[in-house]
Amino acid sequence: MHKLAKTTLALNGVARCLFAERWLTTPKSVCRGFVCAQQNNSDGQDDVYDVIISGGGMVGSAMACSLGMDPNLEDKRILLLEAGHKNVMDSVPDTYSTRVSSISPGSATLLASVGAWEHITNMRCKPYKKMQVWDACSDALIIFDKDNLEDEMAYIVENDVVVAALTKQLDSLSDNVQVKYRSKVVKYTWPMPHQAVESIPWVQVTLASGETLQTKLLIGADGQNSMVRRALGIPTVKWNYDQSAVVAVLRLSEPTENNVAWQRFLPTGPIAMLPLSDSESSLVWSTSHRLAEELLQLDEESFVDAVNSAFWSNENQSDLVETAGSMFRTALSALMPSAGSPRQLPPSVAAIGPKTRVMFPLGMGHASEYIRHRVALIGDAAHRVHPLAGQGVNLGFGDVACLTHILSQAAFNGKDLGAMQHLLEYETERQRHNLPMMAAIDLMKRLYSNDAAPLVLLRTFGLQATNMLPTLKEQIMAFASK
Amino acid sequence: MYSSKLGRLVLGVSCLKPTRVRSGPLRPGLRTGFSWTSVCQQRSLWLRRISHTTVDPNEVRRFQSLASKWWDEQGEFAALHAMNDLRVPFIRDNLLNVHRGRPTAKPLAGLKILDVGCGGGLLTEPLGRLGASVLGIDPVEDSIGTAQLHSSHDPDLCHRVNYRACSLEELTSERPEGAEAEEVVGQFDAVVASEVVEHLADLETFAHCCSLVIKPGGSLFITTLNKTNLSWLLGIVVAENVLRIVPQGTHDWEKFISPEELEHLLESNGFSVQSVKGMLYNPVTGDWSWTDSTAINYALHAVKLRDELFLHQAEEDSPHTQDSTTHS
């Protein structure tokens, strides 16, 4: 980018010399008064938005709400572009949808600050208080919970409910936030970094309808295959995991308090059961592509059997590991007798919900740059993670909170919203937070994808030790709750 | 895009500012109240003087070649761009204190501000974005051209921010009988002269012109360099010769003024200095920060006293020279 800046400087220098001569000969009186009339795009003058957000998913809509509700950005023109239909949910459908997310307390705070959390709790959301994570290859387990079991750890909310709540909130912000549905972007035109003669300094967004919009700042919230990111040519570190996730809604054998999230690490990948209500839970089973396809082909009964056996069977445990594990556990409990919570057993599944099971491939992705001149990436467009830690959308909401704060400060200081100085601050702050999280998730995935004895022993000991250390667990929970 | 701050130092960040038109010295304390005839008398005095002054052609030539580089945030003027982080909040917060109860999105709405020595409009534009109507003046025409071009693209700004290629004296002396004169006399809520005062030879005229154009009770904001050994060492030797942050020859130490002298000068022209704060530039990070010491750079906020108050004060200071027409 530095080289690009230099070459454009060189080119622009020539253009500007010509321009400077033109101004030398102009009499002083012309210098006064408006220069607006000299603009080429005088008819498009009023179509310059302050912020355009490309992508109306959970993170994009949250960004639009957040900017719209900020008092320092009251007079800014904000536009949200979404290729799909408007998601209106007057009443919650009876059946649960298969795509759900775990909303951390930090994200819940953000959603509350934009006024959408109230809509979510009025529609449907399930708080859970405990999380049990255990290994299939050994007896090791770790339980996360808040001390008094009264506070919620996090919330399970369907993705559709989040988007509908944000859409409802956006409707009330129609003064300064506009939303265009069914508008697909076909082209982005980037501005030159330095002022060139007769060129428009704004980002230009061309829609499929032929309309061209201009904006001072473009926020890319268009998901893991972000067109904004690709159009900018931002180098992305990414790889595909050899795994796909199968999602479904499960009906439990008997109703229970169901405020625990369960995750078991099988050698093929983690299987997670997240509570939706007293009698239903959501399944997220990350496994190899072949197994995932097989699972989709199974009939309902066989599928339910497969789920139950994944959670309950011990066939993956070897004697060596079992002995070593129990020895280590005895040693630890001698050192710290009071630590460690009792093991619980997950509920058994009786049937699956009427919505079809779906599978989607998993991968990791990280954009090496989150920002360019007049552009910022948020959410999955900037970073994509494995669902095993339930952090994907929470990282995105974290981006929203950070970028809103930075843009609000910039506006209060009279800055041009697309200027690099404060966008760089956003990038630094978020990369510092996101990269360790992504590294940890990737490490966990790799660590648990193997059933070689040494690795199993290592992670068994590690998990048991962590389980016994409340301070360490608290640190982990705090980091994941932001 | 990740051009480092060190890279910027190599390219040579400069802290240039245009010079002002120099006029002969005016006798201090010649204020005779605010009647129109006395103002016209003052103007005729200046017009005689202005005909002998010219803008330094060397300075103008140097700035013409740089006129297109104002808006390169990583280029020669990077330090000035960074200084906005201090001077915009300084101006905004002090104006909010003086005029209370402004809406948050546009804290300076309804205020008229004059930016003297605006250059490419680096400070003019943020003030415009905060809601003020700003007039930016600068004797270098190319800089005005760059400033106008830059603000013309933005529909928010082009109606609030105007530029004129002239000096402060020319602005206050234009066509005494025309509408232009009335436009400027006592019409501005604030005057901003950032990194300008160290390039003037005649500060007395400058202070006098400022007091003419500002409304009673209005504000004057100045940022400049102090005249100390430290400012010579760091502001000239290190900044110009060693680190090349500022091009060689930009600053003349003799023209620096200490906050005490500046305060004295302003007070004798009807201002009351409200606050003086030191500023410090970090060449490694490229950031400015507030500091207790005013030894190198400082920012000053003064308020123009209402006539009755000033005359009363002037009477107290030197009762036998006044020809006052009003009495508080």
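Colleague: How many salt bridges are there over all chains?
Modeller: The count comes to 20 over all chains, a salt bridge being a side-chain nitrogen of Lys or Arg within 4 Å of a carboxyl oxygen of Asp or Glu. This is a predicted model, where local features need pLDDT of at least 70, side-chain atom pairs count only at pLDDT 80 or more, and totals for chains, interfaces and linings use all residues. Residues are numbered from 1 along each chain as its sequence is written, chains are lettered from A and ligands numbered from 1 in the order in which they are written, and side-chain values use heavy atoms, with hydrogens and water left out.

Colleague: Which residue meets A:Asp135 in a salt bridge?
Modeller: A:Arg459 does, at 3.0 Å from N to O. A:Arg459 sits in helix H13 (residues 453-468) of chain A and A:Asp135 in strand S5 (residues 130-135) of chain A, so the pair ties together parts 324 residues apart in sequence. Helices (H or I, at least four residues) and strands (E, at least two) are DSSP runs, numbered from the N terminus.

Colleague: Are those two buried or exposed?
Modeller: A:Arg459 is buried, and so is A:Asp135. Buried means under 20% relative accessible area, exposed over 50%, and partly exposed in between, with a 1.4 Å probe and protein chains only.

Colleague: What does A:Lys180 pair with?
Modeller: The side chain of A:Lys180 meets that of A:Glu211 in a salt bridge of 3.6 Å, N to O. A:Lys180 is in strand S8 (residues 177-180) of chain A, and A:Glu211 is in the loop between strand S10 (203-207) and strand S11 (212-220) of chain A, so parts 31 residues apart in sequence are tied together. A:Glu211 is partly exposed, at 32% relative accessible area.

Colleague: And which residue forms a salt bridge with B:Asp156?
Modeller: A:Lys216, with the closest N and O atoms 3.4 Å apart. That pair crosses between chains, from the loop between helix H6 (141-152) and strand S3 (161-164) of chain B, where B:Asp156 lies, to strand S11 of chain A, which holds A:Lys216. B:Asp156 is partly exposed, with a relative accessible area of 29%, whereas A:Lys216 counts as buried at 5%.

Colleague: Which residues are joined into one network there?
Modeller: A:Asp50, A:Lys216, B:Asp154 and B:Asp156, through salt bridges that share partners.

Colleague: Now A:Arg229. How far away is the nearest side chain of opposite charge?
Modeller: It is A:Asp222, 7.2 Å away, and A:Arg229 is buried yet has no salt bridge. For charge, Lys and Arg count as positive and Asp and Glu as negative, while His and the chain ends are not counted. A:Arg229 belongs to helix H7 (residues 227-232) of chain A.

Colleague: What polar contact does its side chain make with another side chain?
Modeller: The side chain of A:Arg229 makes one with the side chain of A:Thr236, at 3.3 Å. A polar contact is a pair of N or O atoms within 3.5 Å; within protein, one must be able to donate a hydrogen and the other to accept it, and residues adjacent in sequence count only if both atoms are side-chain atoms. In addition, the backbone oxygen of A:Gln224 is 3.0 Å from a polar atom of the A:Arg229 side chain.

Colleague: Different spot: where is A:Glu158?
Modeller: A:Glu158 is in strand S7 (residues 154-158) of chain A and is buried, with a relative accessible area of 4%. Its side chain has a polar contact of 2.9 Å with the side chain of A:Arg124. Not counting residues up to four places away in sequence, A:Glu158 touches A:Thr95, A:Tyr96, A:Ser97, A:Arg99, A:Val100 and A:Arg124, contact meaning heavy atoms within 4.5 Å.

Colleague: Which residues does UniProt list for "binding site"?
Modeller: The unreviewed UniProt entry lists B:Glu195, B:Glu198 and B:His199. UniProt positions are given in the numbering used here, feature names are shortened, and annotations may be inferred rather than shown by experiment.

Colleague: Are B:Glu198 and B:His199 buried or exposed?
Modeller: B:Glu198 is buried, at 1% relative accessible area, and B:His199 is buried, at 2%. B:Glu198 lies in the loop between strand S4 (188-194) and helix H9 (203-213) of chain B. Leaving aside neighbours within four places in sequence, B:Glu198 has contacts including B:Thr223, B:His251 and B:Lys255.

Colleague: What about phi of B:Glu195?
Modeller: Phi of B:Glu195 is near 60°, a positive value in a residue other than glycine. B:Glu195 is buried, with a relative accessible area of 0%.
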